[in-house]
Amino acid sequence: MRLIWILGDQLIPDHPLLKSADRHTAVGMIESAPRGSHLRYHQQKLTLLYAAMRHHAASLKQAGHRVLYRRLTDGPRQDGYPEVLKRWIQEHKITEIHLLDPNEYDTAQSLLALSKKLNVPIRTHRSPQFLVPRDDFAAWGKGKKHLLMEAHYRRLRTEKNILMTRKGQPEGGDWNLDDQNRRTFREFAKEKPKIPPLPPLEKDPVVKEAAADVSKLFPDHPGKAADLWVPATREGALEWLKHFVRARLGQFGPWEDTMVEGEAVLFHSVLSPFLNLGLLTPQECIQAAEKAYREGKAPLNSVEGFIRQILGWREFIHGLYWLKMPEYKKVNFLGAERPLPRWAYDGKTDMRCVSQAITGAVDRAYNHHIQRLMVLGNYFLLGGYEPSAVLRWYTEMYLDAYDWVMVPNVLGMILFADGGWFATKPYAAGAAYQEKMGNHCASCRFDPKKKEGLDACPFHSLYWNFYGQHATKFRSNPRIGMMVAMWEKKSAADKTRIRAEAERFLKAQA
């Protein structure tokens, strides 16, 4: 008997290994409680994962496959992949195991030892879950000191003929329309664009059952399993894609960087949880958006911005992860070592923008990218928080968080812990950015207009203290050298005050 092992984040609709399945083939899927306890993963993330796996297994059975399925509640809780596979090998006389290349480095590295332990060969096969194969990305990046997402993105646009004219030029004449997609909150408040509701969720007994299992087995994990607010099926994911393209894509671009209190999603797609589980493919998301543009149903700036997130960032981050692991997890270019703040898992801080982002993560396992990068990420960067602790937090808290996603995004883009392998400067910002792009400051006890004193927004002192601490590292950086020069022009008294205010605030958060 041959076993095709489907991992929980590889629920792809057209699994290539299933095409050769016959009566001598079984399909195995395992809900592993030890793996679910590896970190304190958000309860809604685990609920989505297990419910999606259960739905996928049911669809495979309906298609005629012989499915072996291990639920969280089947057998001893301490049994993980090795124990379950060993039992299946004995019971079903399995002689070989096949699976797609795992998306996580540690899982891939563990397969050789697992094969020896089980005394059964385990063979991996190239996964179609990403548009760019790992060896293709590695060949493109070979010999480059710095890897630029924009170069990678333009290469793929050209090779795959996405948003290109018949003459081989980018639609509209420009590759990147980011300058059209940075509308501020003040503009948002003036124009009052109508925000469409998310698609209604039908009652799903599979989700309800998975949520009950998760809340029972992982009670100390963040969030509430029963509050899962996204679908857990391929059909539901497709409906969310259609609804996004129809109702929100048109306004996505202009307002993608805007933060509005009480509006967690705005015009964002919330498709990354489905993409990262395999319920949607990147190709069908890109094609749906491009089709909307070609038919005049969505403007180019919104469509280009959305496609860049998938074809550009998602593919780039995945390739970079496999190119730089395992050393990537050890980087700490800025020597950051502060432990996470006491409010990291409850949001009980007086900084309104930070508090709203934290509570959003706790309540929904979701923040859009600006909250992740320019609010929370900015705070963790400026405060000098230890990279592995910040990485753990991000990996635990989000529906779409998987190792390949978070390692480069958190360590490279958010914390600049890799020293600039692909981010040409740290994403550091002061209080002015928060006031410009969101409306949290209006109800915050700190005043973004005040630059010193107990009522001043802490982002002021944290920002300048950051450049003071790392002046030698950033002085020659052409993109931020000016900020170092401005720091060095400050008086000795101002420098002393800024350092003292920053340190006083950070100590109060411990």
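Below, a biologist and a modeller talk through how the terms used for this predicted model are decided.

Biologist: What should I know about the model before we start?

Modeller: This is a predicted model, where local features need pLDDT of at least 70, side-chain atom pairs count only at pLDDT 80 or more, and totals for chains, interfaces and linings use all residues. Residues are numbered from 1 along each chain as its sequence is written, and side-chain values use heavy atoms, with hydrogens and water left out.

Biologist: Happy with that. What makes a stretch a helix or a strand here?

Modeller: Both are DSSP runs numbered from the N terminus: helices are H or I with at least four residues, and strands are E with at least two.

Biologist: Why are α9 and α11 called roughly parallel?

Modeller: Helix α9 (residues 234-255) and helix α11 (residues 282-294) pack at an angle of about 25°, with their axes 10 Å apart. That angle makes α9 roughly parallel to α11, because angles under 35 degrees count as roughly parallel, over 145 as roughly antiparallel, 65 to 115 as roughly perpendicular and the rest as oblique. The axes are lines fitted to C-alpha atoms, for helices over the stretch in contact, and angles run from 0 to 180 degrees between N-to-C directions.

Biologist: Which residues of α9 and α11 meet?

Modeller: From α9 come R234, L238, L241, V245 and L249, and from α11 come E284, C285, A288, A289 and A292. Contact means heavy atoms within 4.5 Å. By class, the residues of this contact of α9 with α11 are 8 nonpolar, no polar and 2 charged. Here Ala, Val, Leu, Ile, Met, Phe, Trp, Tyr, Cys and Pro count as nonpolar, Asp, Glu, Lys and Arg as charged, and the others, Gly among them, as polar.

Biologist: How do you know which term fits α9 and α12?

Modeller: The axes of α9 and helix α12 (residues 300-324) come within 7 Å and cross at roughly 95°. The two helices are therefore roughly perpendicular to each other. Their contact is made by F244, L249, G250, Q251, F252, G253 and P254 of α9, with N301, S302, V303, G305, F306 and Q309 of α12. The contact of α9 with α12 has 6 nonpolar, 7 polar and no charged residues.

Biologist: And why is α15 called oblique to α16?

Modeller: Helix α15 (residues 387-397) and helix α16 (residues 403-414) pack at about 130°, with their axes 10 Å apart, which makes α15 oblique to α16. P387, V390, L391, Y394 and T395 in α15 meet M406, V407, V410, L411 and I414 in α16. That contact of α15 with α16 divides into 9 nonpolar, 1 polar and no charged residues.

Biologist: On to the sheet, then. What makes β3 and β5 edge strands?

Modeller: An open sheet is formed by 5 strands in the order β3-β2-β1-β4-β5, with parallel pairing. Both β3 (67-70) and β5 (122-125) pair on one side only, and these are the edge strands. Two strands pair if DSSP finds at least two bridges between them.

Biologist: How many bridges join β4 to β5?

Modeller: Strand β4 (residues 96-100) is joined to β5 by 4 bridges, and the two run parallel. L100 stands opposite H125 in β5. Likewise, β1 and β2 pair in the parallel sense over 4 bridges, with W5 opposite G28 in β2. β1 and β4 pair over 3 bridges, and the partner of L3 in β4 is I97.

Biologist: Where does helix α4 lie?

Modeller: Helix α4 (residues 105-118) lies across β1 (2-5), β4 and β5, running at about 150° to β5.

Biologist: Which way do the residues of β1 point?

Modeller: R2 and I4 point one way, L3 and W5 point the other way, and all are buried.

Biologist: Why is H152 called buried?

Modeller: H152, in helix α6 (residues 149-160), has 0% relative accessibility and so counts as buried. Buried means under 20% relative accessible area, exposed over 50%, and partly exposed in between (1.4 Å probe, protein chains only). Beyond its neighbours within four places in sequence, H152 is in contact with V132, F137, W140, L311, G312, E315 and F316.

Biologist: And what makes M1 partly exposed?

Modeller: M1, in the segment before β1, has 23% relative accessibility, so M1 counts as partly exposed. The C-alpha atoms of M1 and T95 are separated by 5.8 Å, although the residues are 94 apart along the chain.
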